[in-house]
Amino acid sequence: METLLKEMAANRVTQFSPSPYETGQYLRVSGRAGTTDSQVAYLLKTQRSDGLWGADGFELVPTLGAIAGLASLSDAAVRPGVADALSRACRRLWDLASSEEGLAALPDTVASELITPALIDGNREVLRRYSPAGPERDFPQPPRARPEFWRKLAGLIAAGQPIPKKLWHSLEVFHPLPSAFAGTVAAAEDGAVTCSPAATAAWVAAVGPEVGRGSLAYLDEVEGRYDGAIPMGSSMTFFELLWVLVPVLKYFPEIRVPNELITELTDAFGETGIGGGPGLPPDGDDTSYLMLAMEMRGSVTDPAVLMKFWEDDHFISYKAEQTASETVNAHAIEYLSRVRLRRGVQEYARTEDVCVDWLIAQQTTEGCWYDKWHISPYYATHACVEALLFSGKKTKTVVDSVERARTWLLRSQQEDGGWGIRKTTQEETAYAVLALDCFVSNDPGRADEAAKAITLANGVLSGQDEETPPLWMGKDLYTPYRIVDTVESCGRVVAARY
């Protein structure tokens with residue numbers, strides 16, 4: 001872990017996996033011909049055998065993004081492999097739309113309710129070309145899509161009016177941007193527009209290379225990172241660092257964290273909190289995790305900053321979000337509990353209790369939790385179990401909740417000793433091990449079953465890891481490599497004790 005921290009201090013470029021959605025959209029909006037061939041090659045290589053892109057259940061957004069990129073090529077009809085890729089993708093989408101079940105509801109990936117209607121509209125002609133009902137039929141909108149909201153925003157943009165800053169992260173869906181609206185948008189110091197390569201490329205295309213010259217180096221770096229394939233959410237440096245830092249403070253307390261990394265975070269932290277990276281608005285998750293890290297390092301923080309994200313009975317990530325996040329609230333509970341237990345601050349005890357009740361109400365009947373930032377229940381369940389046990393609350397509601405979670409974790413272990421929603425992964429196994437270790441630490445008298453399960457997981461965590469599947473939810477599913485490496489390292493060090 002010390003090597004990873006030193007590497008992060010020396011190289012502040014985030015390490016997120018490339019994305020079919022972001023690559024397709026970037027290909028469509030950027031107008032930068034230098035990496036066109038490699039981006040096309042990436043999209044053709046990552047197309048599934050059934051014609052779609054992305055993981056099962058999350059296909060629509062990346063597939064529509066890839067179609068948009070490939071269809072935008074001036075030589076799409078003759079470029080090797082492209083016409084066939086478009087045909088297979090569109091025909092498979094129509095198969096799904098025409099089935100008895102119809103299109104599934106959109107998963108809660110970032111801005112999917114806007115991205116999907118925008119791309120269905122933008123891909124209208126190519127989709128019509130393959131319609132089994134004839135070329136006059138438009139592709140249907142899936143449940144949870146909000147075409148009326150997308151049109152409202154598009155109208156504001158056409159009139160040169162500003163839109164909420166958090167929506168800048170998906171500016172590519174409004175390409176081409178009118179110059180009057182583009183003037184209401186600004187890139188961050190690193191050259192990115194809200195940490196999104198595709199949004200940045202759309203903005204630069206609107207303002208021109210002279211105004212957007214500060215973003216050109218950023219786009220050059222993004223294009224070169226994975227040989228032209230474009231990562232989603234690039235330059236979310238604060239998020240990446242915090243999700244490495246907090247586990248290191250918990251499981252590797254002897255490691256010295258480079259001062260420049262701490263300074264980077266504290267300099268970016270203000271009265272309204274902190275966002276995931278330069279240019280992103282503050283959010284409840286990064287804010288709670290940074291304040292938790294500061295408290296763990298001995299600093300005194302003001303919970304009033306986090307309370308700016310309190311809404312009725314839970315904490316929010318952003319204003320006007322569609323779905324609340326269980327892990328945002330778990331991180332907030334852990335922070336407030338630490339303030340209460342470490343410094344005796346009782347002012348926010350009632351908020352903490354209400355938030356605990358809200359979190360338990362989100363638990364499934366099986367005993368696990370799900371979250372909108374990660375598709376695996378092991379990520380969310382670990383965060384919730386850790387927060388509830390760390391709080392020290394012994395009410396019947398809390399005790400029953402963590403016991404249901406404990407039972408679910410033990411029952412869901414696979415024969416190879418690991419855990420995973422589709423197959424065993426080291427990342428998900430690490431979350432399960434860390435959660436079970438919390439039970440052992442908090443109730444040593446009932447440690448036998450949890451300890452045995454952790455012991456069985458040693459083989460998975462110490463073995464050769466296959467390529468980590470994308471489990472994290474942004475506009476597309478992605479893998480934040482450094483964060484996953486950190487979680488797996490924590491799992492290994494804990495499992496090795498058993």
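Start by selecting helix α14: its buried residues pack against α12, α13 (259-268), α15 (303-306) and α16 (326-343). Keep in mind as you look around that this is a predicted model.

**Stop 1: helix α14**

Colour α14 by accessibility and you will find the helix mostly covered, with 12 of its 13 residues buried. The buried set consists of Gly284, Asp285, Asp286, Thr287, Ser288, Tyr289, Leu290, Met291, Leu292, Ala293, Met294 and Glu295.

How far apart are the end C-alpha atoms of α14? The helix covers residues 284-296, and its end C-alpha atoms are 18 Å apart, which agrees with the 18 Å that 13 residues should span at 1.5 Å a residue.

Now zoom in on the N-terminal end of α14, where Asp283 acts as the cap. Show its side chain and you can draw a distance of 2.9 Å from one of its oxygens to the backbone nitrogen of Asp285. Then move past the other end of the helix to Gly298, which follows α14 and has a positive phi, near 95°.

**Stop 2: helix α12 and Thr237**

From α14, step across to α12, one of the helices that the buried residues of α14 pack against. Select Thr237, which sits in α12 (residues 237-251). Is Thr237 buried or exposed? Its relative accessibility is 8%, so Thr237 counts as buried. Leaving aside residues up to four places away in sequence, show what Thr237 touches: Arg12, Thr14, Glu264, Gly276, Gly277 and Pro278.

**Stop 3: the largest cavity**

Stay with α12 and turn on a cavity display. The model has two cavities of 30 Å³ or more, and the largest has a volume of about 200 Å³. To centre your view on the largest cavity, select Pro247, Tyr289, His382, Tyr431 and Val487, the residues nearest its centre among the 18 that line it. Two or more lining residues come from each of α12, α16, α18 (377-391), α20 (426-442) and α22 (481-495). Which element gives the most to this lining? That is α12, with five residues. Tyr289 should look familiar from the first stop, where it appeared among the buried residues of α14.

**Stop 4: the largest pocket**

Next, switch to the largest pocket, which has a volume of about 800 Å³. Its lining is made of 38 residues, and those nearest its centre are Val110, Ala111, Tyr318, Lys372 and Trp373. The elements giving two or more residues to the pocket lining are α6 (112-122), α12, α14 and β3 (472-473). So you meet α12 again here, as it also gives residues to the lining of the largest cavity.

**Stop 5: helix α10 and Ala201**

Now select Ala201 in helix α10 (residues 197-211). With a relative accessible area of 2%, Ala201 is buried. Beyond residues up to four places away in sequence, Ala201 touches Tyr26, Val29, Ser30 and Leu219. Add Leu171 to the view as well: although it lies 30 residues from Ala201 along the chain, their C-alpha atoms are separated by 9.2 Å.

**Stop 6: backbone details in the loops**

Three loops are worth a pause. In the loop between α8 (147-158) and α9 (179-182), find Pro176. The peptide bond leading from His175 to Pro176 is cis, with omega near 0°.

Move on to Cys195, in the loop between α9 and α10. Cys195 has a positive phi near 65° and is not a glycine. This cysteine is buried, at 0% relative accessible area.

Then go to Asp227, in the loop between α11 (213-225) and α12. Asp227 also has a positive phi, about 55°, without being a glycine. Buried or exposed? Asp227 is exposed, with a relative accessible area of 62%.

**Stop 7: the cysteines**

Finish by selecting cysteine sulfurs. A disulfide is a covalent bond between the sulfur atoms of two cysteines. How many disulfides does this model contain? The count comes to zero. Try Cys355 as an example: the closest cysteine sulfur is in Cys384, 9.7 Å away, which is too far for a bond. Cys355 is buried, with a relative accessible area of 0%. Cys90 is your last selection, and it also counts as buried, at 0% relative accessibility.

Notes
Residues are numbered from 1 along each chain as its sequence is written. This is a predicted model: local features need pLDDT of at least 70, side-chain atom pairs count only at pLDDT 80 or more; totals for chains, interfaces and linings use all residues. Side-chain values use heavy atoms; hydrogens and water are left out. Helices (H or I, at least four residues) and strands (E, at least two) are DSSP runs, numbered from the N terminus. Buried means under 20% relative accessible area, exposed over 50%, partly exposed in between (1.4 Å probe, protein chains only). Contact means heavy atoms within 4.5 Å. A disulfide is a pair of cysteine sulfur atoms within 2.5 Å. The expected span of a helix is 1.5 Å times one less than its number of residues. A polar contact is a pair of N or O atoms within 3.5 Å; within protein, one must be able to donate a hydrogen and the other to accept it, and residues adjacent in sequence count only if both atoms are side-chain atoms. On a 1 Å grid over the protein atoms alone, a cavity is a set of points where a 1.4 Å probe fits but cannot get out, and a pocket is an open set with protein on both sides within 12 Å along at least five of seven lines; lining residues have an atom within 4 Å of a point. Grid points are joined across faces, edges and corners, and a volume is the space filled by probe spheres set on the points.
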